[in-house]
Amino acid sequence: MALLEEPIKEVVTLKNFIGGEWVESKGEIKDVVNPATGKTIARVPISTKDEIDAAVEAAKEAFPDWRRTPPVARARYLFRLKELLEENFEEISRIQTQEHGKTIDESRGETRRGIENVEVACGIPTLMQGYFSEDIASGMDEWVIPTPLGVFGIIGPFNFPFMIPLWSAPYALATGNCVVVKPSSEVPNSQARLAELADEAGLPPGVWNVVHGGRTVVNGMLDHPDIVGITFVGSTPTAKDVIYPRCGATGKRVIAQGGAKNFMVIMPDCNVQRTILAMMTSFFGNAGQRCLSGANLAIIGKDDEFYNSFVNGVVDAARRMKIGYGLDESVQMGPVRDKEKKERIIGYIESGIKEGASLRLDGRKSINIAGDYPETCFLGPTIFDNVTPDMKIARDEIFGPVMSVLRMKDLDEAIETINRCPFANGHAIFTSSGKDAREFQYRIVSGNVGINVGIVAPMAFFPFSGMKDSFFGVLHTQGQEAVRFFTESKVVIQRWL
Amino acid sequence: MKLHTASEVISLARELENKSAKFYQDLSQKYAKDADVFLSFAKENEKNIVQFERAYYGVITDALEGCFAFDLETDIYTFEAELAENVDVSGALKKAIEIEEKMTKFYFEAAEQSKSLMADVPRVFAIIAKKRGGRQSKLKLLLG
């Protein structure tokens with residue numbers, strides 16, 4: 001099958017977007033490599049502390065006017081941005097495939113989910129209404145006004161380069177705040193394109209800023225006294241040990257989303273054919289690089305025939321999966337983001353073998369890449385059978401296309417095992433029993449719960465939840481909770497004497 | 001060739017609609033008597049593309065089974081859309097019916113298989129399949 005056209009044709013050095021200007025960075029320059037082709041597609045600056053300071057300064061300067069812009073007018077900027085995103089939908093999607101490696105269907109899905117957040121934030125005139133009580137005492141009234149706070153920092157991860165900053169940015173802007181976005185330096189292109197479109201939408205200078213880089217930029221955000229809050233999506237160690245405590249120490253609001261180890265619970269009464277399809281997407285979609293991916297497949301019951309046929313079905317489906325460059329429409333799984341990530345995943349596969357799990361499908365060996373591409377970042381789907389909950393592959397977040405199959409005697413055992421897991425992001429059950437489904441959703445500790453859904457990704461008008469070591473903070477990104485995160489309640493009590 | 005991803009199937013549907021639209025445009029030039037019917041079919045094809053693209057791009061999400069939604073064999077549904085020089089009206093109408101049968105079958109099968117996607121995509125496929133069924137009846141009437 002012919003490849004879809006690549007939107008990035010020329011290697012350019014990306015610039016920061018500060019105060020409405022595209023500014024060249026003085027920082028060191030790093031290559032951005034397409035993981036499927038191995039070709040450099042851009043160069044990204046690792047910006048300096050002065051540059052993050054300049055962006056925060058620009059945002060701080062823009063804040064008073066932006067805050068005074070009526071919500072209905074702010075929403076109109078977002079409506080325009082939404083139009084531009086629709087007009088450039090395909091280009092943005094293909095950029096994601098080029099920079100990240102995901103398939104074109106996955107990239108389009110990511111673009112759509114990003115746009116949905118802009119759409120929801122367009123409702124801000126209603127979403128940020130306060131409330132009012134007349135006559136709290138005779139002749140006295142009281143009301144709440146949700147007010148913006150100032151400048152927010154948004155730190156994006158590598159796995160959803162376009163969508164995740166949009167879990168926060170549209171709400172921050174709609175509520176009257178200004179933002180500084182730090183995209184992942186591994187995949188900065190779609191955010192650079194997004195900033196161009198935000199500029200084209202006419203947002204005033206300084207309202208939306210982008211600073212490329214790494215730790216210096218993150219530290220600059222965390223330490224900056226004029227940044228009032230941070231949203232972060234990344235690994236649990238960084239969320240838990242860096243972002244969350246440092247925001248606490250500097251008095252910032254924080255949403256820090258961490259890692260996961262999601263269980264997919266398979267009841268013997270599930271729709272087998274549909275469930276196997278769902279497992280392919282859940283475990284191997286985005287090459288397993290998402291915090292909502294299935295990681296552990298828990299098959300319930302003592303029925304050997306069901307167990308064996310389900311595992312065989314999953315192994316067969318995974319073996320037939322087409323791997324290659326995501327701009328080939330027939331490809332079902334792309335590469336992982338880079339060589340280091342692949343090596344880390346291989347380390348886990350080796351640890352699974354050492355700990356005694358049975359390797360049913362070896363992604364290190366069974367790679368049949370469609371097209372002439374270097375193997376550097378490609379890894380096939382890997383399936384382990386006979387995994388026990390104490391094994392490293394069942395406990396750690398692998399963040400790659402690896403499935404660990406565990407067997408449990410009943411739903412009780414599954415729920416108890418899952419609730420001992422420190423992560424609680426997106427566990428799911430597959431069953432045709434409403435009773436079991438309800439029991440599962442009632443007892444399971446998980447920010448997002450799936451019932452016959454393998455990737456429990458909340459729509460933009462629901463919070464993207466997470467519990468235990470998968471989330472640090474109080475309010476979540478997306479929807480009403482994001483509106484609350486980005487506003488502070490001002491309470492007014494009036495009496496006219 | 002087997003198709004598995006939503007993107008591939010949408011591309012195939014677009015290709016089939018364009019080919020069949022071209023077929024009806026050619027037919028309208030060759031047989032002026034029923035040109036209005038053929039041109040309305042060609043126009044409807046354009047609308048079909050808009051409809052399924054809107055459904056696909058409007059509801060596609062990273063979370064559902066976009067890459068594993070189908071198991072469609074393309075050879076069953078592809079067709080030759082060129083009209084032979086010496087074909088008479090009855091031969092042309094028979095070819096049109098044959099094309100419509102293939103496309104109806106394609107959309108029914110695509111609707112059935114895409115149930116793992118959000119409901120809008122299979123629903124649109126099913127609507128188009130039904131419309132194409134209606135076309136077959138009209139073509140059969142013209143054939144007499």
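Axes here are lines fitted to C-alpha atoms, for helices over the stretch in contact, with angles taken between N-to-C directions. With that in hand, the helix pairing in this predicted model is easy to lay out. In chain A, helix H1 (residues 49-68) and helix H8 (residues 215-223) have axes that come within 9 Å and cross at roughly 45°. Angles under 35 degrees would count as roughly parallel and 65 to 115 as roughly perpendicular, so H1(A) and H8(A) end up oblique to each other. As for handedness, the crossing of H1(A) past H8(A) is right-handed. On the H1(A) side, A:Lys49, A:Ile52 and A:Asp53 make the contact, and H8(A) answers with A:Thr216, A:Val217, A:Gly220 and A:Met221. By class, that works out to three nonpolar, two polar and two charged residues.

Zooming out, chain A is assigned two domains: domain 1 (12-258 + 470-495) and domain 2 (262-451). Their C-alpha centres sit 32 Å apart. The contact between them draws on 19 residues from domain 1 and 26 residues from domain 2. On the domain 1 side, helix H3 (89-100) and H4 of chain A each chip in at least two residues. That side splits into five nonpolar, 10 polar and four charged residues.

Then there is the contact between the chains, with 22 residues from chain A and 17 residues from chain B. On the chain A side, the elements giving two or more residues are helix H4 (104-121) and helix H10 (272-284). H4(A) gives the most, with eight residues. The chain A side holds seven nonpolar, seven polar and eight charged residues.

Notes. Residues numbered from 1 in each chain as written. Chains lettered and ligands numbered in written order. Predicted model: local features only at pLDDT ≥ 70, side-chain atom pairs only at ≥ 80, totals over all residues. Contact = placed C-beta atoms within 7 Å. Helix = DSSP H or I, 4+ residues; strand = E, 2+ residues; numbered from the N terminus. Nonpolar A, V, L, I, M, F, W, Y, C, P; charged D, E, K, R; others polar. Domains from an automatic or database assignment. Axes fitted to C-alpha atoms, helices over the stretch in contact; angles between N-to-C directions. Parallel < 35°, antiparallel > 145°, perpendicular 65-115°, else oblique. Left-handed = near helix turned anticlockwise from the far one by under 90°.
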